[in-house]
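Here is my note on the model you sent. Please read it beside the coordinates.

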Amino acid sequence: MSFDICKGMICHGNHMESGHYLAYLSWDEHPLEADKVKEVWLITPEGKRICYFDPQNNKEWFSVYHDFDAVIGAKIIQSWKSDSLLVISANCDDGSELSLDIAVASWQKLDGTVFEGVTDTGKKYRNTPDEIGVCGTVTATLNGLKLGVNTIPEEPIYLGDEPLPTQSIVNRCVHELEP
């Protein structure tokens, strides 16, 4: 079976004190006709799942792999302020504004570890991390409301067959997706 190849990073495990969950995905290489693909995932305390997707004209690609309540176009800006501070901002087509500051405490090189699973729409994936950043403090705001800092969740959140990480991490990786 052939897989679509994405290269970039996944920032997962951002369970906030407010009960919100945020993730950030950024692909420098991907199967779409766009320079870069960026996604901000928001899961509300009530369980509503929203993906903010940039570029908006390719947002239907997301629904092949994930079953969220909404996929909304956005202008997402990513900036590494230093080797250990990633700042993300999103101005979204539904009027929402999000920001996420991720402080990386340490980096660890990985060599050849492969994680496999199934997305929430039943598509197979393989993820090969090159480097993992273990995060310290993560802060976020949604429409000017501070969501607090990252914390350990009381209950796991599942997407597909695996729970989302409970620790905030940055995964620089190759991500392969079943077409």
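The points below take up empty space, cysteines and nonpolar packing in turn.

1. Ground rules. This is a predicted model, in which local features need pLDDT of at least 70, side-chain atom pairs count only at pLDDT 80 or more, and totals for chains, interfaces and linings use all residues. Residues are numbered from 1 along each chain as its sequence is written, and side-chain values use heavy atoms, without hydrogens and water.

2. Largest pocket. Its volume is about 660 Å³. A pocket here is an open set of points on a 1 Å grid over the protein atoms alone, with protein on both sides within 12 Å along at least five of seven lines; a lining residue has an atom within 4 Å of a point. Volume is the space filled by probe spheres set on the points, which are joined across faces, edges and corners. The lining has 29 residues, and I10, H12, Y125, N127 and H175 come closest to the centre. Elements giving two or more residues include β1 (4-15), β9 (124-142) and β13 (169-177). Strands are DSSP runs of E, at least two residues long, numbered from the N terminus. By class, the lining holds 19 nonpolar, six polar and four charged residues. Nonpolar covers Ala, Val, Leu, Ile, Met, Phe, Trp, Tyr, Cys and Pro; charged covers Asp, Glu, Lys and Arg; the others, Gly among them, are polar.

3. Second largest pocket. This one has about 210 Å³. Sixteen residues are not all worth listing; H15, G19, P153, E155 and I157 are the closest to its centre, out of the 16 in the lining. Seven lining residues are nonpolar, six polar and three charged.

4. Cavity. How many cavities of 30 Å³ or more does a search of the whole structure find? The search finds one. A cavity is a set of grid points where a 1.4 Å probe fits but cannot get out. The space in the largest cavity is about 40 Å³. L22, V40, I88, S89, A90, L98, S99 and L100 line it. Strands β6 (85-92) and β7 (97-109) each give two or more of these residues. Six of the lining residues are nonpolar, two are polar and none is charged.

5. Cysteines. The structure has zero disulfides (a disulfide being a pair of cysteine sulfur atoms within 2.5 Å). Why is C51 unpaired? Its sulfur is 9.8 Å from the closest cysteine sulfur, in C92, and that is too far for a bond. C135 is in no disulfide either, with the nearest cysteine sulfur, that of C11, 6.7 Å away. C51 is buried at 0% relative accessible area, and C135 is buried at 6%. Buried means under 20% relative accessible area, with a 1.4 Å probe and protein chains only.

6. Main core. A nonpolar core is a set of buried Ala, Val, Leu, Ile, Met, Phe, Trp, Tyr and Cys residues joined through side-chain atoms within 4.5 Å. The largest has 26 residues, and L22, Y24, V40, Y52 and I102 touch the most other members. Beyond four places in sequence, V40 touches residues including L22, Y24, C51, I88 and L98 (contact is heavy atoms within 4.5 Å).

7. Other core and V37. Another core, apart from the largest, has 23 residues, among them L25, F53, V71 and L159. V37 sits in strand β3 and is buried, at 0% relative accessible area. Its contacts more than four places away in sequence include L25, W27, F53 and W61.

How values were computed:
Helix = DSSP H or I, 4+ residues; strand = E, 2+ residues; numbered from the N terminus. Buried < 20%, exposed > 50% of the residue type's maximum accessible area, 1.4 Å probe, protein only.
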